[in-house]
Every structure is written in C-alpha cells, then in structure tokens.
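User: I'm new to this one and would like to see how each label is earned. Could you take me through the reasoning?

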Amino acid sequence: MSLSIQTNKAAMIALQNLNSTTGSLQDTQSKIGTGLRISSAKDNSAIWAIAQDQRADLGGLAAVKMGLDRAQSIGETALTAGKSISELLVQMKEKVVAAQDQSLTSISRQALNADFTQLLKQITQVVRDSAFDGAKLLDNSLPGGMGFLADANGSSTITISNQDMRLGQSIITLSAAASILTLTNARTSLSRLNASIENVSLALAEMGAQVKQLENHNTFVGKLSDSVEAGVGNLVDADLARESARLQALNVQQQLGAQALSIANQSPQIILSLFRN
C-alpha cells in the first residue's frame, strides 16, 4: 500500500467500521430502552404492520370486555332483584294460604291483608330500584332487552332479555289492587300467586342462563386478549438477555474500532520520518 498524505485508506476503513459498530450499538440500546425488537415500520415493515393490526384487535377486544363487564353487572343486578321478588311472592303465599281459613276474624283477615298489601308494594319498589348504570330489565323500559358486543368487529351480540315483573303483567299476574280481605279474593289471589311464582322462576332461569353465557364469553374474551397480546409480543418484543450480551460485545468492539482509527490516523506521521536528515 502506498503512503499518501492526501488519502488515508486505513483510516477510512477504520472509520467505516467504527460507524457501523456505533450504528449497531445505537440499535441495540434502542431495543433495550424500548423492550421492542421492532418499534417502527423501518425495522421490519411487514411484521410491524401485522403487529399494528393485532394491536387494533386488542383495542377492540378491550372495548368488548368492558361492555361485557357492564352487561354482567346489569344482569346480576336484575337477577338479585328477581330473586328478592321471588322470595316476596313466597312470603305472600303464606299470607294467602292463611287467609283461606274460614274461621278467621275480620281483624285477623285485615291484618293478613295489610301484610299482603305491603309485600305487593315491596315488589313494586324492588322493580323500580333494580337498575345498574341506568339500565333496568324488570320494568319493561327495554322491551327488546339489551344487546352487548361479543367480538372486536362489532358483528355479533349477546342479549339479555327483558323480564317484565311489574304487578298485573304477564309474569306477575297479581295486580297492585289485589287483596285477601274476603275468602273469595283470597282464593283468586292464591291461583294468580301460584302462577306468578312459576312464571318468575322460569323468567329467572332464562335470565340466569343468559348471564352465565355472558360470564363464559367474558372469560373467553379475556383469554383471547391474552393470547393476542402474547402473539404481538412474540413478533416485536426484544430478547433482552441476548441484547444485553450484544451490548457488551459492541461496547468492546466500539472501543477497539476507535483505537484502530487512532492508529490509522497516525500513519501519515511515517511520511515525515522519510524527509528527516
């Protein structure tokens, strides 16, 4: 190799190697700092695009799970209220059966009727108060029930049906004006009460099955989200143990490259020695 003060090929090569090492070092430091092997489209455009699509799905699944959590709360609130109504009807049957006794005095019958009437009012109160986040499923304010998103595409839903448990409707056939002040009224009320107890049980069974479906699907969505997130991690996450080892190797390589460049820069000094006396 010829000696020249105009062109130092050794220094140029050493500088190129040092720049390459510095670039690799910066890349490794970025991976360690972000925890990502692919943090932008320039790292790997195809994988980055796939990861972004999956992240979008994750966002959709998060929204679905939030809706399903709300749906469960609404359904469980309605179930709790429905169970309370069923228990009130059972208590009412005790009063109605007692009113079948022909030997009751007028005062005793009035006392039973007062209890019976109070229980009717409690049913109305329970129906009125059975709300979660403003949603009610027992007062027919939502005749078609409530539908909740079941997938990230918004293409399918899961519905909780409306169960109208107001007095004097198809499920509870007892009216708000029902009484057991007379034997005839007591017998009429008993017939309607028995039908109401059966209707409420069937309505709660249907609602319970729907809430269970929501719970199971909510669990599935949670597991699906975890799987998608793990898949994204497999695509873009950095192997920090490997990058840590690479960082140490590149640090040493950078130091050696700097030293090689320093040595190469001293080569022109040899030319001066050729012109000394």
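**How the labels are earned**

User: Let's start with trust. What is the mean pLDDT of the chain, and where is confidence lowest and highest?

Analyst: First off, this is a predicted model. The chain averages a pLDDT of 88, with 96% of its residues at 70 or more. Helix H6 (residues 269–274) has the lowest confidence, a mean of 71, while helix H3 (residues 106–129) has the highest, at 94. Where pLDDT is low, the predicted coordinates shouldn't be read in detail.

User: How many helices and strands are there, and what pattern do they follow along the sequence?

Analyst: You'll find six helices and four strands. Going along the sequence, the pattern reads α-α-α-β-β-β-β-α-α-α.

User: What makes the chain more spread out than a compact globule?

Analyst: Set two values side by side. For 277 residues the globule rule gives 19 Å, but the radius of gyration here is 39 Å, well over that, so the chain is more spread out than a compact globule. The spans along the principal axes add to the picture: the C-alpha trace covers about 145 × 30 × 25 Å. As for burial, 33% of the 277 residues count as buried.

User: Why are H2 and H4 called roughly antiparallel?

Analyst: Two packed helices are described by the angle between their axes and the distance between the axes. The axes of helix H2 (residues 45–98) and helix H4 (residues 183–236) cross at roughly 160 degrees and come within 7 Å. Angles over 145 degrees count as roughly antiparallel, so H2 gets that label relative to H4. The crossing of H2 past H4 is left-handed. Sorted by class, their contact has 29 nonpolar, 13 polar and eight charged residues.

User: How do you know how H1 and H5 run relative to each other?

Analyst: Use the cut-off again. Helix H1 (residues 9–34) and helix H5 (residues 240–265) have axes that cross at roughly 160 degrees and come within 8 Å. With over 145 degrees as the cut-off, H1 and H5 are therefore roughly antiparallel to each other. Their crossing is left-handed too. The contact of H1 with H5 has 14 nonpolar, eleven polar and three charged residues.

User: On to single residues. What decides whether Leu174 is buried or exposed?

Analyst: Relative accessible area does. Buried means under 20%, and Leu174 has 1%, so Leu174 is buried. You can look for Leu174 in the loop between strand E4 (157–160) and H4. Leu174 is 28 residues from Met146 in sequence, and their C-alpha atoms are 26 Å apart in space.

User: And Asp133: why is that residue called buried or exposed?

Analyst: Exposed needs over 50%. Asp133 has a relative accessible area of 53%, so Asp133 is exposed. The residue belongs to the loop between strand E1 (131–132) and strand E2 (135–136).

User: Why does Asn140 count as partly exposed?

Analyst: Partly exposed lies between the two cut-offs, under 20% and over 50%. Asn140 comes in at 31% relative accessibility, so Asn140 counts as partly exposed. Asn140 sits in the loop between E2 and strand E3 (146–149).

User: What is worth noting about phi in Asp133 and Asn140?

Analyst: Most residues other than glycine have a negative phi. Asp133 isn't a glycine, but has a positive phi of about 55 degrees. Asn140 also has a positive phi, near 65 degrees, in a residue other than glycine.

Technical notes:
Residues are numbered from 1 along each chain as its sequence is written. This is a predicted model: local features need pLDDT of at least 70, side-chain atom pairs count only at pLDDT 80 or more; totals for chains, interfaces and linings use all residues. Side-chain values use heavy atoms; hydrogens and water are left out. Axes are lines fitted to C-alpha atoms, for helices over the stretch in contact, and angles run from 0 to 180 degrees between N-to-C directions. Helices (H or I, at least four residues) and strands (E, at least two) are DSSP runs, numbered from the N terminus. Angles under 35 degrees count as roughly parallel, over 145 as roughly antiparallel, 65 to 115 as roughly perpendicular and the rest as oblique. A crossing is left-handed if the near helix is turned anticlockwise from the far one by less than a right angle, and right-handed if clockwise. Ala, Val, Leu, Ile, Met, Phe, Trp, Tyr, Cys and Pro count as nonpolar, Asp, Glu, Lys and Arg as charged, and the others, Gly among them, as polar. pLDDT is the predictor's confidence in each residue, from 0 to 100. The radius of gyration is taken over C-alpha atoms; the globule rule is 2.2 Å times the number of residues to the power 0.38. Buried means under 20% relative accessible area, exposed over 50%, partly exposed in between (1.4 Å probe, protein chains only).
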